[in-house]
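Reader: Hello! I am new to this structure and would love a close look at a single part of it. Could you walk me through the second largest pocket and then show me the chain around it?

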Amino acid sequence: MTQEVIRLRNLRESQAVLRAKDATSQAGFTAERIPSRFFARRPILIDDGPGHTEHRKQLVRFFSPRALEERHRAFIERTAADYVTQARQAGGCRVDDLGLQFSVRVASEIVGLTAGDTSALAKRLEAFFKQPPVDHTRTDHGRTREDWIQAARRALVPLASFYLRDVLPAIRARRAHPTDDIISHLLAHGYRSREILMECLTYGTAGMVTTREFISMTMLRMFNDPRLRIRYLAAEEPERLAILNEVIRLEPPVAHLYRRVQARADGCPYDPGALVDIDVRQTNVYPDIFTPEPDGVCTDRQLTASERAGLSFGDGAHRCPGSHLALLETDVLVRALFDAGAVLERSPDHEFDTLVQGYQLRGFSVTFSNSAAAP
């Protein structure tokens, strides 16, 4: 089943569509298949309109650079050091597994999912995403009725387990003793348990699916380019973050953004009902913006703050609120691994997740040498 699809590869045109207020709605992550009747408040990832805008404004404070620096940096650094110490004592690790554990642990702290075991939580979140492939450009998402039934079955057990073992205990704990985290915030604003579950799923999986892959991709890039690795490890934080912005621009964890046109507007001249497919990888190397050498790592480009990572964090109403967190986590863990003497043992297998529209790096293993950070 086909539909009108507008494919964009131009950064300026793509930004205009993503910023066209109320002209489009979320069409990625099978958002259009999730019934609205289940929620008085739809999860932030798939919501749109004034309610979404206000919700996002309230939650951004949890991920602001100031909040991360003052409240979470020490925890993030301590957590990375603990995981890397354990990996080194074991003689090696899989970077994709370590990145999963680390990113889920950090996201859990900020969200408030601190009642259970991180390893078990990570496995539940990972199981939720073992889904049949999808094609977002088709009205049926490229799935048969049997595929949808299979998707529901695969999601049901880990989702129920996630709720009972992680979310519900956290809700009970925060009702008794509110803290400054997202679950406490949602409870204070009258969110029901099912709505909190979906928000936790959104933030937990965002931390798992995207940050995990970006950590692995950054490590792989550093192994494949020793000169870049030496430069990165010798740099101060501003230059390191500039390098990471370039890496994520070239290797976006989400390769396609989808929006459904609701109305024509400035920046969105398309017919209502059309699907806009933004190719993030192509917009991120748009030569009129990313010069010189759009395909290379260059931190001297004259770019605005919203252009530094291209569209790897999105733009407009659905720009990722955790962009600062993703860069901070990656910087901390990558440096900890190389400072511990990480040496490539096995390059990862490259896979692709059609639901998220992003790469997956699996089987990526390192050992540790006696000479830390050796090129």
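Author: Happy to help; what follows starts with the pocket and then steps back to the chain.

Please keep in mind that this is a predicted model. The second largest pocket holds about 510 Å³ of space. Its lining is made up of 24 residues, and the closest to the pocket's centre are Leu-241, Asn-245, Arg-308, His-324 and Leu-327. If you want to find the walls by helix, look at α3 (65–90), α10 (237–250) and α12 (323–339), each of which supplies at least two lining residues. Among the contributors, α10 gives the most, with five residues. Sorted by class, the lining has eleven nonpolar residues, seven charged ones and six polar ones.

Now for the chain that holds this pocket. It contains twelve helices and nine strands. Its radius of gyration is 20 Å, close to the 21 Å that the globule rule gives for 375 residues, so the chain is as compact as a globular protein of that length. Along its principal axes, the C-alpha trace spans about 60 × 55 × 40 Å.

The contacts and the surface add to this picture. Among contacts in the chain with a separation of 6 or more, 74% are between residues 24 or more positions apart. Of the 375 residues, 55% count as buried. The chain exposes about 16700 Å², and carbon and sulfur atoms supply 51% of that area.

How values were computed:
Residues numbered from 1 in each chain as written. Predicted model: local features only at pLDDT ≥ 70, side-chain atom pairs only at ≥ 80, totals over all residues. Heavy atoms only, no water. 1 Å grid on protein atoms, 1.4 Å probe; cavity = no way out; pocket = protein on both sides within 12 Å on 5 of 7 lines; lining within 4 Å. Points joined across faces, edges and corners; volume = space filled by probe spheres on them. Helix = DSSP H or I, 4+ residues; strand = E, 2+ residues; numbered from the N terminus. Nonpolar A, V, L, I, M, F, W, Y, C, P; charged D, E, K, R; others polar. Rg over C-alpha atoms; globule rule 2.2 N^0.38 Å. Buried < 20%, exposed > 50% of the residue type's maximum accessible area, 1.4 Å probe, protein only. Contact = heavy atoms within 4.5 Å. Areas by Shrake-Rupley, 256 points an atom, 1.4 Å probe, with all protein chains shown as cover.
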